[in-house]
Amino acid sequence: MKRTIKERSVMTSPTDLPAVGTTVVDPPGVTDPGSGPRGRPAWSAGVLRLDRYSGLYLAVILAVVFSVLLPDTFGTLSNARVIAASSAIAGILTLAVAVSMAAGTFDISLAANMTFSICLLGTLLTSADLPWVLAVILTLLAGASIGAVNALIITRLGVEPIVATLGMSSVLAALSFWVADGQTILLDGVSPTFTEAGQATIATVPITVFYLAAVALVLWFLLEHTPLGRYIYAIGSNPQAAKLAGIKVLRLQSLSLMMTGALAALAGVVLTMQLGASAFGAGAPYLLPAFAATFLGATQILPGRFNVRGTIIALYLLAIAVKGLQLQFPDLPWIKDLVEGTVLIVAVSITARAIRQRRTR
Amino acid sequence: MNPDQRAPRLDLRAVSKTFGGTRVLHDVSLDIAPGEVHALVGQNGSGKSTLIKILAGFHEADPGASALVDGRPRSLGDPDDIHDAGVRFVHQDLGLVPALSVVDNLALGHGYARGMGGRINWRRQTAAAEAALRAIGYEVDVRALVEDLQPVERTAVAIARALQSAQGEMSVLVLDEPTATMPKAEVQRLFEIINTVRQQGVGILYVSHHLEEVFELADRVTVLVDGHRVATKRCSELDQRGLVDLMTGGVVDEARQRSTTVPGEPLLALRGVRGAEIVELDLQVLAGEVVGVAGITGSGREELCSLIFGAKPREGRVTVRGRELPALRPHTACALGMALVPANRLRDGIVSGLNVRENANLTTVRRLARHVRIRPRDDRRQAASISTKMSVKAPSLESPIESLSGGNQQKVVLGKWLQTDPHVLLLDEPTQGVDIKAKAEIHHLIDDVASKGVAVLVCSSDEAELERLCDRVLVLRHGRVVSEFNGAEVQTRRLVHTSLGLTS
């Protein structure tokens, strides 16, 4: 028999029951009065599924509005490329945030990790004069190792994630300075294929967009289509119950933190490729927008869950809004910070409320 | 003073409560006269704590309920209104701040005595604290930290605080299981305090499952069974046996159906197991056998399943099918074929962020994957088959797990584990907060599982459930096995008596 999950009656089928003596089972189609779908306002269930795709619609609307208002600056193909390319690096860092948040843990040191990776890569390429592919691999491994150290501090020493990674941020800032001597390193002598790998376009689309797409695809598959992803979400929702279901909670949280570290390093690598120089302290400005987009992403597609598709929608929604406002109000340099800060607070309050409602029910 | 001639301090009428489709209280009414100690008794899950929480404004009652305090109607579900009416609560956890002194704890929620410039006048504050404790006939070093006090001293502080915050207008004091963690000698001190309070004309609602305390202290007793009030009687008209009969009578819904099976080899063995409460425990469960564990709160019954499974640290040996299971390794326990349905469903059982399908398949999702990808069709099909087998009622497999009633959530948790084909099944309060019908269904499923050769261990505070399910029941008291009942000896009343330490 083919089952469709939308049928209300499939859940109770007396014929398949084990012999249960005198117990009366409701006939098919009868459900408890209290067990109907609750907590969803009626407007959200329409064809538009505003509860899931509101960000997507808003992004499209904003893009259209700004294109009409600013046809010469916003509504151009080159502007679209700029948004796509600059969001790609922010996007990789945002997914780095999302992957540890999904597992119910937290890494605030990832921007410092990105900065450190940039410095390390620059030094490996110039002072150590390594081939760039090897230098990139070593940098990614270093990023993952930083994630592993965070994981050890959090899971073994029992330090709160926010405190552990705040401390790690400071340590990494010191290490960055030590490695790069507090300087931006120009990569003049490095093979041109290195910068090519960050600046090329494929069918006029900047190559960095493909890096983001690849990362997003892998994480989406991992989180939504593998047992590992199911376990990570279980841990993120209720670590105690996950542990009692035989899931190795600490190990998977550590794995998530290592992925976060590696992705932060990757963001640094891609930025260095794009700039053709290892800019000192370049990671820090990415921190807040990454968290803002992650929390906003958790209100989309799979509300209440840190998910890849929602994060990507949130990323571009935020990028379009910021860019549009910057072009509309060129004399207001603070508009980016204002938008990102507001979005972070609002998105967190929405996500927190959704989670709280779930818990107290 | 004859309590019955004045308006009752508290008059609750027709209180009902429904949680997610399950009615846990049915038209319960209760009144307390001035100066009366009114005991509220019932087994776990009978609705005692729900009633208290409704009175405290923690939950809202179903429509139709009313409350009168000193003859004036008050709105149930509004904590402030009930507080204004002079109803005070000392909850089981007391609500004290352990790291602060007695003086500070008494000042919390009442305000400090202020001196010049708004600074705290410690001398006056200390004197006030001493006076508050003296008012209930108790003396404590008020400068001591609460965490350093004896249990009875802490309870005294909590009562003093409740009284003090209602100076002069106190009408009802609700004490929820005040003696749960108290040695016998201290209980007598507490009774003196309670008697001092009652002489001031306060009505006292006393919740306890220590029946001997009820007879020593209370004027009347109200008995709840499965959310129904089955009796309100004067204590002088009852004896302990009569009260136990009221608490347990008429709930054994059906006779045991499992034919006497021949148990097989031992699948679970404990030797010298020791935890926070359990002092020493040896135990064997054979294939096809259902072994029950009874015992009151604090007897060690509550922690046993967690100790075995590895959710809490333990000493001693646990072997599953002859293989040793180290402590604190839940995933190893799973790998050895052990399954645990935990007592605290919301905290340990369901994963509230995941939907019904994901919860049902959580333990077996690895089998649903080819290479690394979960096959969506198998995912849905298995979840549907589990929910059919368990007769789960849910709007859809994609509904949030928390939208299901308690009984249906519990069926999902049980189904999730049965799908792993366990050899050893640990059940901790398997039907707590589950309605009667779902309870019967779960009992049948457990029978079924055992008849397939699974070793089942049931820890339950519901003695009738143990009688219904078990081949053998161990009774724990103070962390040790004090009695073992086999076959026909497993009777609710004997279990209750032995758990409470009464001679039956």
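1. A good place to begin is strand E9 of chain B, where B:Leu224 is the bridge partner of B:Gly42. Please keep in mind while reading that this is a predicted model. The pairing belongs to a longer contact, in which strand E3 (residues 37-42) of chain B is joined to E9(B) by five bridges, and the two strands run parallel.

2. On its other pairing, E9(B) meets strand E10 (residues 228-234) of chain B in the antiparallel sense, over six bridges. Within this pair, B:Val225 has B:His228 in E10(B) as its bridge partner. The hairpin formed by E9(B) and E10(B) has two residues between the strands, and there B:Asp226 takes a positive phi near 50 degrees.

3. Is E9(B), which spans residues 220-225, mostly covered or mostly open? The strand is mostly covered, since six of its six residues are buried. In a regular strand, side chains alternate between the two faces of the sheet. In E9(B) both faces are covered: B:Arg220, B:Thr222 and B:Leu224 lie on one side, B:Val221, B:Val223 and B:Val225 lie on the other, and all of them are buried.

4. Elsewhere in chain B there is an open sheet of six strands, with mixed pairing and the order E16-E19-E20-E13-E21-E22. Strands E16 (338-341) and E22 (480-486) stand at the edges, and each has a single partner strand, so one side of each is left without a neighbour in the sheet. Neighbouring strands of this sheet are turned by 20 degrees against each other on average, when direction is ignored.

5. At one of these edges, strand E21 (residues 472-477) of chain B pairs with E22(B) in the antiparallel sense, over six bridges. A student tracing this pair in the model can look for B:Leu474, which stands opposite B:Glu484 in E22(B).

6. Turning to chain A, helix H10 (residues 249-275) has 27 residues and reaches 39 Å from its first C-alpha to its last, which is close to the 39 Å expected at 1.5 Å a residue. This helix is mostly covered, with 19 of its 27 residues buried. Just after H10(A), A:Gly276 takes a positive phi of about 70 degrees.

7. Chain A also carries a nonpolar surface patch of about 420 Å², made by A:Val133, A:Leu134, A:Ile137, A:Leu138 and A:Leu141. Of these residues, A:Val133 is placed in helix H4 (residues 132-156) of chain A. A:Val133 is partly exposed, with a relative accessible area of 45%, and a residue must have over 30% to be part of such a patch.

How values were computed:
Residues numbered from 1 in each chain as written. Chains lettered and ligands numbered in written order. Predicted model: local features only at pLDDT ≥ 70, side-chain atom pairs only at ≥ 80, totals over all residues. Heavy atoms only, no water. Patch = residues over 30% accessible without salt bridge, like charges linked within 9 Å, V, L, I, M, F, W, Y side chains within 5 Å. Areas by Shrake-Rupley, 256 points an atom, 1.4 Å probe, with all protein chains shown as cover. Salt bridge = Lys/Arg side-chain N within 4 Å of Asp/Glu carboxyl O. Helix = DSSP H or I, 4+ residues; strand = E, 2+ residues; numbered from the N terminus. Buried < 20%, exposed > 50% of the residue type's maximum accessible area, 1.4 Å probe, protein only. Expected span 1.5 Å × (residues − 1). Pairing = 2+ DSSP bridges. Axes fitted to C-alpha atoms, helices over the stretch in contact; angles between N-to-C directions.
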